[in-house]
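Student: Hi! Could we go through this structure together?
Tutor: Sure, let's take a look.

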Amino acid sequence: MDSPATLQSITPGQQTCKVVGRLLRLWDAINVKSKFAGPLISIDRVILDEHGNMAQLSMPKRFQKQFRPLLTEGNVYMVTDVAAVDIKNKTYVYHYHNYMLQFKNSTKVHHLETRGANIPKFSFNFCPFDKLPEMDIMTRPLQDMIGVISHVGPFEYASPTSQHKLRIIKIRNLDEQTQEIRLWGKHGEAFDEETLLKKSQEGIVVGIFAGVTAGNFLGKLTISSNSATTIYIDLDTSEVNNYRKSYQWATPTLQQQLPQVVYLSPLQAAGKLYTLKEISTLPASSFQERASFSTIAKVQSIVTTANWYYKGCNRCDKGYNNSSDTPTCLCTNSSPKPLYKLPITLADESGKLDAIAFSTVVEDLVERDATHTSQNMKIDPSEHVNVLNNAIGKTKLFHIVMKGDSASRFPINYIIKKSFTVDNAQLLPSIKAFTRHEIISSPSPNINSQRSNDNTPQEFHSNTPPFQQSDKDKLSNSAAKRCLEFPEHEPTNKER
């Protein structure tokens, strides 16, 4: 019988690996952008072998019923017939090696009762604070962080208009550098603030934040939790004890912080509402600095003669070159994926307005992602599909901007930046009285079928006063597709 391989000796492409190790951490890898399909991508774990090496072990969701009941965190296993998969195209994975181990249908799992008793129950690969900027890359590699907790913020909304909550934690390293960590959703809510504040009265509190990612928010490097994140407070290990002894700075004073952000509904945050006629008569100068104008309107029709999706980079969402079918971005290992770009006609009591709706807005309207609708681009973008008609007749709160690319050949000047569902009770009487016009599926007179060669709506970042863009919106980029399991605005089903 072949001996198990050390994790250090495995190379990408091997198909029948046998390993022995302890499962340190388990998590469900989630596609947070999946609104209309199961969000689970895989069940992942970190395995530590007898030689002190770690690797990520991944179980695709199709095997969860077969293998999930066999695995328990903390136990030692022999796993045979697993594949070593190259990680260069994968997001939200640990970079212990240039591979990750992946289950197959033929994989076998054996629980070891005695072997591996000396394998530690905890192991981390801590990222120094000064190396974090190097981790702010498209693939969002998972990092482990350690530090003395110096600030505990309240669990509150990320911004007045965000539906998502977070808790901001700050940690301090041995050089007294401070790093902010954003704990989203369940991680922020479950963080035991009361116990931590009591512990801080006795001395420093050391926190380990395993499986976090580095990113840039409004020009500031931030660390964020995701579905892989596990938090340990004052873990009883020699590593934490040595860290505590090496910390030579003053003990941080921790105090309970009260929430400061007052949540506003989308309608409250919209401020003044404009009619479509008012928006159409605004001068172009009114839309400078990407200013948006809010309106409540109904989707009256879809332009069936125009292409309704385009090819974009699976890494950054930037559009492909139509003539050569090549990416216009500089991403390595780029491959095409479908992204919505749907011209629609909005209507209210004042008139009509033609506008372009992009990925997340369209997904919310048609209730299906572009990959599903296009059958992974097997359907030609010029071929109208019936599912697009799901958008017709829906009344929404729309934020409308003017197209910033004056060189674009597409004749529609307006873009729907965001859309929100509005309860009937919130509608103005005039809008309630607005009766549904006959649904027309033919194009509006001023729209032709020529599709723009411009890029994705990345140029339309939210900066409408008085609120800043929230983390929820920043996480809508393709790199954040496997973060913490809260719903996002623009789901695109991208597995690792």
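**Salt bridges, cysteines and a core**

Tutor: Asp325 is partly exposed, with 41% relative accessible area; that label sits between buried (under 20%) and exposed (over 50%), using a 1.4 Å probe and protein chains only. This is a predicted model, where local features need pLDDT of at least 70, side-chain atom pairs count only at pLDDT 80 or more, and totals for chains, interfaces and linings use all residues. Residues are numbered from 1 along each chain as its sequence is written, and side-chain values use heavy atoms, leaving out hydrogens and water.

Student: OK, which residue forms a salt bridge with Asp325?
Tutor: Lys311 does, with the closest N and O atoms 3.2 Å apart. A salt bridge needs a side-chain nitrogen of Lys or Arg within 4 Å of a carboxyl oxygen of Asp or Glu.

Student: And is Lys311 buried or partly exposed?
Tutor: Lys311 is partly exposed, at 30%.

Student: How many salt bridges are there in the whole structure?
Tutor: The search finds 16. One of them joins Asp144 and Arg25, and Asp144 is buried at 0% relative accessibility, while Arg25 is buried at 1%.

Student: New topic: how many disulfides?
Tutor: Zero. A disulfide needs two cysteine sulfur atoms within 2.5 Å.

Student: Why no bond for Cys329?
Tutor: Because its closest cysteine sulfur, in Cys313, is 3.6 Å away, too far for a bond.

Student: Last one: which residues touch the most other members of the largest nonpolar core?
Tutor: Ile344 and Leu346, in a core of 33 residues. Such a core is a set of buried Ala, Val, Leu, Ile, Met, Phe, Trp, Tyr and Cys residues joined through side-chain atoms within 4.5 Å.
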